[in-house]
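Student: I have a structure open on my screen and I'd like to learn how to read it. Can we go through it together?

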Amino acid sequence: MSIDATPSIARRGLADRLLRRGPLEAIATTIIAVGVVMLMQPLSLTLYSWSFATTLFGTVMFTIVSKVRE
Amino acid sequence: MNELSASSRITYRAVMVRPGVARRIRGLSDRTLAWLFITPTIVLLLAINIFPLLWTIYLSFTNYRANRANVPTIWLGADWYQSILTDPDIWAAMQVTAHFVIWTVVIETVLGFGLAYLIDKKFRGHGMWTTIILLPMMLSPAVVGNFWTFLYQPQIGLFNYVVAFFTGRAASSFQMLGDVTLSPWAIVIVDAWMWTPYVMLICLAGLRSIPDYIYEAAEVDRASKWRQFWSITLPMALPFIMLAVLFRGIENFKMFDMVNLLTGGGPGSTTEVASITLKRAAFESWRTGYSSAFAIILFVTVFGLANIYVKALNKVKSR
């Protein structure tokens, strides 16, 4: 019983740590920043082509996760 | 009635209100009253902000042209987005924008922080110098664009004479606005001249928010001025600097008026920032659907950056 319980507590702990507003907002912010860099970089047209999708994804993610509990 | 005092007049008017209306108003809940007050604002916001945004999103999926409004509108799906995001010319405009944004933000931040650091020392006449430094920020971009056009004139412009004085080159030997290499720097110089005071103000607020006792404790620990700067001043002013960087970054990403007045995107397309490309597509080529899609791409980018800005602002507020 105790052997089964330990991993579930560990899993819940990890989920609790990750599914909070702070880390999720940080991830969304990073995605937005990457999207903006992709939009303006002079190296690859392919990166430029995917920049809008990346920024949009980051922005939508930020809007959603800003409603997640603190 | 004229002989009545002010309080008596108010009482008289209150009595004159029909009891039925008064009862109805008194019967409204706080929530309803709140809605009554904010409804005009919400309606205005919907009319001038939300509706145009939704309409632009719709137009970005169609072949609509504003100069041919009678032509039937055809749904094109994401064709315009695909076209813009694979167009090397638009990509080039984005790189011009990047050059403008990066260099203006770097120069404005370094100079702005430096000026704020000096002003914070509260030397004799620092108030007067603060006012003088803030003057460019108070001017209209149209005015700034016009008079810098004169300053950059190769024959009569003061800028060329100053450069000639320091470098020994002939004043008429170079054109800041007509040269392919120099014109991107010409717009950077003007923006830095105009907006460095703004960055200075934000940095000054950051520097003034650092309590004196921290420096006193550092003095007791015999920390050098250099050490105090790196360990106290810079880390504590950093959220404010970040705020200034984000604000100027967002503003310059959207820059239109000043660049349009100075160079109009030329020579060629060397200073054609994204907003000028957008204006040309919308009001010179009349490709309304295409320019709507381009506007939405720029909007999402600015909205994303604004999210980061709000996050940084909350961090500053929590201090």
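Tutor: Sure. Keep in mind that this is a predicted model. Let's pick one residue and ask what surrounds it. Leaving aside neighbours within four places in sequence, B:Val273 is in contact with B:Ala93, B:Val96, B:Thr97, B:Phe100, B:Met255 and B:Val259.

Student: Which residues have the most contacts inside the largest nonpolar core?

Tutor: B:Val273 turns up again here, together with B:Val190, B:Cys203, B:Leu262, B:Ala293 and B:Phe294. The core itself has 69 residues. Its largest share, 13 residues, is supplied by helix α9 of chain B, residues 183-208.

Student: Let's stay on that helix. Is B:Ala186 buried or exposed?

Tutor: The trick is to count C-beta atoms around the residue, where 20 or more within 10 Å means buried. B:Ala186 has 23 others within 10 Å, so it counts as buried. This residue sits in α9 of chain B. Setting aside neighbours within four places in sequence, its contacts are B:Tyr152, B:Met176, B:Leu177 and B:Leu262. B:Leu262 is also one of the core residues with the most contacts.

Student: How many residues apart in sequence are B:Ala186 and B:Val110, and what is their distance in space?

Tutor: They are 76 residues apart along the chain and 18 Å apart in space, going C-alpha to C-alpha.

Student: Next, helix packing. At what angle do α5(B) and α11(B) pack?

Tutor: For a helix pair, look at the angle, the spacing, the handedness and then the residues. α5(B) and α11(B), the latter covering residues 225-253, pack at about 145°, with axes 9 Å apart. Their crossing is right-handed. On the α5(B) side the contact includes B:Phe100, B:Thr104 and B:Glu108, while α11(B) brings in, among others, B:Ala244, B:Arg248 and B:Phe253. By class, that contact has 8 nonpolar, 6 polar and 2 charged residues. B:Phe100 is worth a second look, as it is also among the contacts of B:Val273.

Student: What about backbone angles? Which residue in the loop between α10 and α11 of chain B should I check?

Tutor: Try B:Arg222, which lies in that loop. Its phi is near 60°, a positive value in a residue other than glycine. B:Arg222 is exposed, because just 7 other C-beta atoms lie within 10 Å. Another case is B:Trp286, in the loop between α13 and α14 of chain B. Its phi is positive too, at about 55°, although it is not a glycine. With 14 other C-beta atoms within 10 Å, B:Trp286 comes out as partly exposed.

Student: Now the other chain. What does the secondary structure of chain A come to?

Tutor: There are 3 helices and 0 strands, giving the pattern α-α-α along the sequence. Of its 70 residues, 24% count as buried. For contacts in chain A between residues at least 6 apart in sequence, 59% join residues at least 24 apart.

Student: And how many residues of chain B are in contact with chain A?

Tutor: 18 residues of chain B meet 18 residues of chain A. On the chain B side, α5 (88-119) and α14 (288-317) each supply at least two residues. The largest share, 9 residues, comes from α14(B). By class, the chain B side divides into 11 nonpolar, 6 polar and 1 charged.

Student: Last one: where do the domains of chain B run?

Tutor: The domain assignment gives domain 1 as 2-59 and domain 2 as 81-317. Their C-alpha centres lie 43 Å apart.

How values were computed
Residues are numbered from 1 along each chain as its sequence is written. Chains are lettered from A and ligands numbered from 1 in the order in which they are written. This is a predicted model: local features need pLDDT of at least 70, side-chain atom pairs count only at pLDDT 80 or more; totals for chains, interfaces and linings use all residues. Two residues are in contact if their C-beta atoms, placed from the backbone, lie within 7 Å. Helices (H or I, at least four residues) and strands (E, at least two) are DSSP runs, numbered from the N terminus. Ala, Val, Leu, Ile, Met, Phe, Trp, Tyr, Cys and Pro count as nonpolar, Asp, Glu, Lys and Arg as charged, and the others, Gly among them, as polar. Domain bounds come from an automatic or database domain assignment. Axes are lines fitted to C-alpha atoms, for helices over the stretch in contact, and angles run from 0 to 180 degrees between N-to-C directions. A crossing is left-handed if the near helix is turned anticlockwise from the far one by less than a right angle, and right-handed if clockwise. A nonpolar core is a set of buried Ala, Val, Leu, Ile, Met, Phe, Trp, Tyr and Cys residues joined through C-beta atoms within 7 Å. A residue is buried if 20 or more other C-beta atoms lie within 10 Å of its own, exposed if 12 or fewer, and partly exposed in between; C-beta atoms are placed from the backbone.
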